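Here's a walk through one protein model, taken a piece at a time. Have the viewer open and follow along.

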Amino acid sequence: MTTHHTHAKTQAENLHLLNTTKRRHGQAHRLVNTRQIDRNTWLTIRKIGIGSSDAASAVGLNPYKSQLELWMEKTGRLNSTLDNDANHPDNDDNTPLFWGTVLEPIVAEHYAKRTGHKVRRVNAILQHKDYPWMLANLDREVAGSSEVQILECKTAGINGAKLWRDGVPEYVQLQVMHQLAITGQDAADVAVLVGGNELRIFRLIRDEALIDRLVALESEFWRHVTEDTPPPADASDSAQRALRSLYPDDDHEVLDLTEQPALAQAFEQLKEVRSMIEGAKKEEAQFKHQLQQAMGTASEALFPAGRITWKKSTDTRAVDLARLKQEQPEVVKQYSNLKPGSRRFVVHQR
């Protein structure tokens, strides 16, 4: 396997060329002034460490990104969502990331109005004084307050609002604790604009036990990066995407795992779970068909615990590809694109 992590060491050694100031924020080193670098340089620097937005992923608690996907980004095997969205402010206003960036100054402004606190931008990448791979970009500093020192700005749309129903989501809490660990500060406020019209403010206090555990787990993840060894895949869609990207092709080798007890047990458990799922699907179909038969031509059925709708969708037109291939094969060939194949995971039982 070709190694990808050596670039991080080289970049780390050269960062002193970008470090033009010795100012600190709390106990953090002000590593790089972001006003003096372009976006590509900023994205490159992010790959030499774990940023605050990476913290939950690094410890396996981000609902959107797995450890494996983050590891692939940090080792240069996969572009990050930030890389892919490098130009989106100009041409893509349909993503939560876009609106989070656009609305961040508005959230900060109204936080200041509501609380009376002064806030200011931190135009720097901050670095932990003891763990140089721990990096952070703060949304804002809270100036002149003995109660709170950091402001994290968030937006939550229709789909994301449910995550804030019971307070600050766990992955955001870890992001903030990562920032408090780097700066040594005592507290941060999280201001979230929910649904575009409701500003909620939450106070997170420094938790030493949680920070110690977070640093230990992040350190373990970073060893995977520096040693170029992948972390274990989890059950997330993110891990599935990462695995497909990491191993897109097969080499026709037959791998004998009969003498690997842990993997043999995983295979048996997979067969057992699939059998249970198949049984559950049949049971689901039985209940579904029973209710459909009872509904007949009705569009909706009401129950004490909810309702069912069974409605016909709008008619659509589709190209008859089989007929087109038969009658106009040259046309089909002219407008055909090669679609890369993908690996299929099939379980064969003896």
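Which residue in S6 is the bridge partner of Val119? It's Val142. Keep that pair on screen, as the tour begins with the sheet around it.

## The overall picture

This is a predicted model. The protein has 350 residues, and 34% of them count as buried. Its secondary structure comes to 13 helices and eleven strands.

Sequence separation is worth a look too. Take the contacts between residues at least 6 apart in sequence: 66% of them join residues at least 24 apart.

## A five-stranded open sheet

Five strands make up an open sheet in the order S3-S6-S7-S8-S9, and the pairing is mixed. The edges belong to S3 (118–120) and S9 (198–205); each has a single partner strand, so one side of each is left without a neighbour in the sheet. On average, neighbouring strands here are turned by 30 degrees against each other, ignoring direction.

Start from the S3 edge. S3 pairs with S6 (residues 140–143) in the antiparallel sense, over three bridges, and Val119 with Val142 is the bridge pair you've already met. S6 then pairs with S7, again antiparallel, over two bridges; Glu141 has Ile150 in S7 as its bridge partner. The hairpin of S6 and S7 has six residues between the strands, and Gly144 takes a positive phi there, near 75 degrees.

## S7, S8 and the helix across them

S7 (residues 150–156) and S8 (residues 187–194) run parallel and are joined by seven bridges. To find your way along this pair, look for Glu152 opposite Val190 and Lys154 opposite Val192.

Is S8 enclosed or open to the outside? Eight of its eight residues are buried, so S8 is largely enclosed by the rest of the structure. Side chains in a regular strand alternate between the two faces of the sheet. In S8, Ala187, Asp189, Ala191 and Leu193 point one way, while Ala188, Val190, Val192 and Val194 point the other way, and all are buried. Helix H8 (residues 170–183) lies across S7, S8 and S9, and runs at about 160 degrees to S7.

## Helix H9

H9 covers residues 208–226, and its length makes a handy sanity check. With 19 residues at 1.5 Å a residue, the helix should span 27 Å; the end C-alpha atoms are 26 Å apart, which agrees.

At the N-terminal end, Asp207 acts as a cap, with a side-chain oxygen 3.2 Å from the backbone nitrogen of Ala209. After the helix comes Asp228, with a positive phi near 60 degrees.

The buried residues of H9 are a mixed bunch: Ile211, Leu214, Val215, Glu218, Phe221, Trp222, His224 and Val225. Residues three or four places apart in an α-helix point the same way, because there are 3.6 residues a turn. What do the buried residues of H9 pack against? Their partners are helix H3 (55–58), helix H4 (67–74) and H8.

## An aromatic pair

The model has three aromatic pairs. In one of them, the rings of Tyr131 and Trp133 have centres 5.7 Å apart and planes at 50 degrees, so the pair is tilted.

How exposed are the two partners? Tyr131 has 33% relative accessibility and counts as partly exposed, whereas Trp133, at 11%, counts as buried; the cut-off for buried is under 20%.

Note on methods
Residues numbered from 1 in each chain as written. Predicted model: local features only at pLDDT ≥ 70, side-chain atom pairs only at ≥ 80, totals over all residues. Heavy atoms only, no water. Pairing = 2+ DSSP bridges. Helix = DSSP H or I, 4+ residues; strand = E, 2+ residues; numbered from the N terminus. Axes fitted to C-alpha atoms, helices over the stretch in contact; angles between N-to-C directions. Contact = heavy atoms within 4.5 Å. Phe/Tyr/Trp six-rings, centres within 6.5 Å; stacked < 30°, edge-to-face > 60°. Buried < 20%, exposed > 50% of the residue type's maximum accessible area, 1.4 Å probe, protein only. Expected span 1.5 Å × (residues − 1). Polar contact = N/O pair within 3.5 Å; in protein donor to acceptor, adjacent residues only side chain to side chain.
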